[in-house]
Amino acid sequence: MSSRNTFRVLFFLNKSKINNDGAPIMLRITINGQQVALNVRRRIPVFDWDQKRGLPLVRDQFTHDIDLYLETFRNKAFQAFTDLSQEYDVVTAAMVRDYINGVNGHRSKTIMEIWGQHNEELKKNIDKTCSYTLWQKHQTAKNHFMSYLSDHYRVTDVPITQVNYEMIRAYKEYLIGEKDLSYNTTIKFLQFTKKITLRAIRAGWLKMDPFDGMSLTLKETDRPYLTEEELESIENKKFKVQRLELVKDLYLCACYTGLAHTDVNKLQKSEIEKSWKQNHHLFQAQQYDRFVSVVTPDSFTEQLLNFRP
């Protein structure tokens, strides 16, 4: 915020519009000598108004309620000026007035609004530039952040300008402590959140990076793997239920090819070709556009060929 900015508010009555309910209460907003007036949508009898203080003379419940309403309105004006000062180098009285009235030109973007737009774009590109699983993960990340806001701030959305380091730090602790997520899962959700804040920074909606100074490095984990004997044991296992046999073959396909579950799920018969070697097949994963040559067991590739269209 510029040190030159002087911000003042004052309530007054528009006596030219008096009726049986009294005169309308106006708010005058002054910034660096420039003024605008705003109707606060309340009326009060002239004899109940303290012109010197610019506030009601509190005599009864009616004037007490008016007094509380005006104090809330004053706070709203100061909050509008603060929010706008974080986004713009120069803030005018008209900008504050429009912000209070909810005019979109000077309304702060909210994090859920930005996140929703991001996820909608992902959804439209499923099977083109992203997978359904990726979109689903971003949706889960969005829902986790909304739950965090609800549990800790009693709101489901906040202006993007209010997302700061302390909020993100507390969100990390929330995921680990209250949601009981593992460290690496928490980091992945934070990485999804950072995509949203980076989008806001690049669009000019957020000035400071709330992740600045925070490490989002995943911890290395020792992934278990199946030995050759264990794979053979699975291959030799026979199920009476045909559905379980198919599940076994799909799992073995992923083991032998290294294809992700999403790739195996989308695998078509046309993408499985017999090679010049007996019992070898070529698999093409459409999502990653690569070929994998594998030695197949006697049965599971034929099962896949019979199952796939």
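The side chains of Arg53 and Asp50 come together in a salt bridge, with an N to O distance of 3.5 Å. The model in which this pair appears is a predicted one. The two partners differ in their accessibility class: Arg53 counts as partly exposed, at 45% relative accessibility, whereas Asp50 counts as buried, at 17%. Asp50 falls in that class because buried means under 20% relative accessible area.

This pair belongs to a wider set, since a search of the whole structure finds 8 salt bridges. Another of them joins the side chains of Arg199 and Glu121, at 2.9 Å from N to O. This second pair links distant parts of the chain, with Arg199 in helix 6 and Glu121 in helix 3, which spans residues 111-124; the two residues are 78 positions apart. Arg199 is partly exposed, at 22% relative accessibility, and Glu121 is likewise partly exposed, with a relative accessible area of 41%.

A further salt bridge is formed by Arg169 with Glu166, whose closest N and O atoms are 2.6 Å apart. Here the setting is a single element: both residues lie in helix 5, residues 165-177, and they are 3 residues apart, about one turn of the helix. Arg169 counts as partly exposed at 32% relative accessibility, and Glu166 is partly exposed too, with a relative accessible area of 44%.

Helix 6, which holds Arg199, also leads to the interior of the model. This helix covers residues 183-203, and Thr193 lies in it. Thr193 has a relative accessible area of 0% and is therefore buried. What surrounds Thr193, once its neighbours within four places in sequence are left aside? The residues in contact with Thr193 are then Trp115, Phe145, Ile168, Tyr171 and Phe211. Of these positions, Trp115 falls within the 111-124 range of helix 3, while Ile168 and Tyr171 fall within the 165-177 range of helix 5.

From the interior, the description passes to the surface. Glu228, Glu229, Glu230 and Glu232 form a negative surface patch. One of its members, Glu228, is found in helix 7, which spans residues 228-236. Glu228 has a relative accessible area of 56% and is therefore exposed, because the exposed class begins over 50%.

A second patch has another chemical character. Phe239, Val241 and Leu244 make a nonpolar surface patch of about 210 Å². Val241 is situated in the loop between helix 7 and helix 8, the latter covering residues 242-257. At 40% relative accessibility, Val241 counts as partly exposed.

These local features can be placed within the chain as a whole. The protein chain has 10 helices and 8 strands. Of its 309 residues, 39% are buried; Thr193, at 0% relative accessible area, is among the buried ones. Considering contacts with a separation of 6 or more, residues 24 or more positions apart account for 50% of them. The area exposed by the protein chain is about 18700 Å², and carbon and sulfur atoms supply 50% of that area.

Note on methods: Residues numbered from 1 in each chain as written. Predicted model: local features only at pLDDT ≥ 70, side-chain atom pairs only at ≥ 80, totals over all residues. Heavy atoms only, no water. Patch = residues over 30% accessible without salt bridge, like charges linked within 9 Å, V, L, I, M, F, W, Y side chains within 5 Å. Areas by Shrake-Rupley, 256 points an atom, 1.4 Å probe, with all protein chains shown as cover. Salt bridge = Lys/Arg side-chain N within 4 Å of Asp/Glu carboxyl O. Lys, Arg positive; Asp, Glu negative; His and termini not counted. Charge placed at Lys NZ, Arg CZ, Asp CG, Glu CD. Helix = DSSP H or I, 4+ residues; strand = E, 2+ residues; numbered from the N terminus. Buried < 20%, exposed > 50% of the residue type's maximum accessible area, 1.4 Å probe, protein only. Contact = heavy atoms within 4.5 Å.
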